[in-house]
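Me: Got a model open here and I'd like to go through it. Can you take my questions as they come?

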Amino acid sequence: MRQFKRSAVAVLSAALLGAAGLAATATPANAAQNPAASASAAQALTELNFQYASWSYQYPNPQSPSMGWVYPGPHYVYCYTVGPSVTYMGKTSSIWLLIDDDSGNKNVWVNKVYLDPDSWNVPVPKC
């Protein structure tokens, strides 16, 4: 009987620790509001070339706080989402790319209109 109690305690302890581990790794509630919260760690990177400099934004919306700069040249992109349209130099797009900007900010957004024409149609995974 004593051996049975030890086994039962061990099984219950393992179950509780496992449940606590799952709870600790659950996606936070704000991830639904900001796709960046869970996208960058799980996505592969796609290299795209930016033709123009742009602000990067906290959310995929030009009305959200600007975070830093993305300069012309190659940048790795995690994924994309759809948001408000932006028009620049005759191009309009509602596609927002999740990147790390040149100011050191991680998981920020920039609109697709700033891409080089050769990068415009390169496939990027959806966030």
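**Surface, disulfide and confidence**

Reply: To start on the surface, Trp55, Trp69 and Tyr71 make a nonpolar patch of about 300 Å². A patch takes residues with over 30% relative accessible area and no salt bridge, joining like charges within 9 Å and nonpolar side chains (Val, Leu, Ile, Met, Phe, Trp, Tyr) within 5 Å. A salt bridge is a side-chain nitrogen of Lys or Arg within 4 Å of a carboxyl oxygen of Asp or Glu. Areas are from the Shrake-Rupley method with a 1.4 Å probe, and for residues only the protein chains shown count as cover.

Me: What kind of model is this, and what are the ground rules?

Reply: This is a predicted model, where local features need pLDDT of at least 70 and side-chain atom pairs count only at pLDDT 80 or more, while totals for chains, interfaces and linings use all residues. Residues are numbered from 1 along each chain as its sequence is written, and side-chain values use heavy atoms, leaving out hydrogens and water.

Me: Where is Trp55, then?

Reply: Trp55 sits in strand S2 (residues 54-57). Strands (E, at least two residues) and helices (H or I, at least four) are DSSP runs numbered from the N terminus.

Me: And why does Trp55 count as partly exposed?

Reply: Because its relative accessibility is 38%. Buried is under 20% relative accessible area, exposed is over 50%, and partly exposed is in between (1.4 Å probe, protein chains only).

Me: Switching topic: how many disulfides?

Reply: One. Cys79 and Cys127 form it, with sulfur atoms 1.9 Å apart; the criterion is a pair of cysteine sulfur atoms within 2.5 Å. Cys79 lies in strand S4 (residues 73-88) and Cys127 in the segment after strand S6 (108-111), so the pair ties together parts 48 residues apart in sequence.

Me: Is Cys79 buried or exposed?

Reply: Buried, at 0% relative accessibility. Cys127 is partly exposed at 32%.

Me: What about Tyr114, what is it in contact with?

Reply: Setting aside neighbours within four places in sequence, the contacts of Tyr114 include Phe50, Tyr52, Val86 and Tyr88. Contact means heavy atoms within 4.5 Å. Tyr114 is in the segment after S6 and is buried, with 14% relative accessible area.

Me: Where is confidence lowest?

Reply: In helix H1 (residues 2-24), at a mean of 39, whereas S6 is highest at 98. That is pLDDT, the predictor's confidence in each residue from 0 to 100. The chain mean is 78, and 66% of residues reach 70 or more.
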